[in-house]
Amino acid sequence: MEAVVFFVAAIGALGGAIGVIAMRNPFYSVLALIVHLFSLAALFLLLTSAFVAAAQVVVYAGAVMVLYVFVVAYVGGGGESAWEPIPGQRFLAPLLAIALFVELSIAVLGSALKALETDGPEVSAGFGDPAAIGRLLLEKFLLPFEASSILLLLAAVGAIVLAARRREAEGEAPSKHSPTRLEGASPSAPNA
Amino acid sequence: MNIEWYIVLSSLLFATGVLGILLRRSPMVILLCLELMLNAGNLALVAFSRMVGNEQGQVFAVIVMVIAACEVVVGLGLIVAIFRRRLPLNVDDLRELRG
């Protein structure tokens, strides 16, 4: 039973990952990534880490992907031009990826970690539930927890600074503006 | 299931993310491939945490999720800024910093 769930989730995760890089339209790539994230959440549940699985679904598949969908809708998908400015890149890249996979597998499987071939030790029923993770976060890992909250604040402020409209920059080169931008700007001009 | 399977799956997902970054041109898809690589790392962290029988690896995974969220927010802000300035959304055209 566990093996069946593992292979179904693994196929979902791998299929989602391949879908992300194979789809031409970025919107479909985002949808494929959502499939990938849900399959990974199932794998996390198999590894008895309930809190990480829940955070994966709520934070990633919920919040972050909605952000992606909004930006794809704003920027617009498609328009990806020819695939290879470097000659032969389409054939070299898979070779490099396969080499990386083989190298990673050799590095991990050859590491002589004896517990790798087991299912892991027996754990109590509360392993990885929110209470255990919360206790670790607030006791042993309090400093990283607070540092990550500051990092989140900095990222939010940085994104606002990056994406905010710049009035001065808009006035300098009016010829580069698209019709939609000019339409948006024109109602305010007569009032000013 | 052996922990080995999870680790092999995780390296496969990581290699897929690298392949996407090497192949695709759109900065948005490259951000998605970065997500793939971070998630592969997360899977390895959680699998090793299960192997040791200790929850601290799961805390690492949660922190990695926070880092990924920050990276996405800043990256998407950059993409919106690039789009606003009417520059091409193609990493091969945005090469002025390459030297």
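# Chatting through chains A and B

Visitor: Hi! How many residues does each chain put into the contact?
Guide: Chain B gives 62 residues and chain A gives 72, where two residues are in contact if their C-beta atoms, placed from the backbone, lie within 7 Å. This is a predicted model, in which local features need pLDDT of at least 70, side-chain atom pairs count only at pLDDT 80 or more, and totals for chains, interfaces and linings use all residues. Residues are numbered from 1 along each chain as its sequence is written, with chains lettered from A and ligands numbered from 1 in the order in which they are written.

Visitor: Which helix gives the most to chain B's side?
Guide: That is α3(B), with 20 residues; helices here are DSSP runs (H or I, at least four residues), numbered from the N terminus.

Visitor: Switching to chain A, which residues of α1(A) are buried?
Guide: Ala9(A), Ala10(A), Ala13(A), Gly16(A), Ala17(A), Val20(A) and Ile21(A); buried takes 20 or more other C-beta atoms within 10 Å of a residue's own, exposed 12 or fewer.

Visitor: Why do they line one face?
Guide: Down the axis of α1(A), the buried residues fall within an arc of 130°, so they line one face; the arc is that of the directions from the helix axis to the C-beta atoms.

Visitor: And what covers them?
Guide: The cover includes α2 of chain A, together with α1 and α2 of chain B.

Visitor: Which exposed residues sit on the face turned away?
Guide: Ala3(A), Val4(A), Val8(A) and Ile11(A).

Technical notes: Helices (H or I, at least four residues) and strands (E, at least two) are DSSP runs, numbered from the N terminus.
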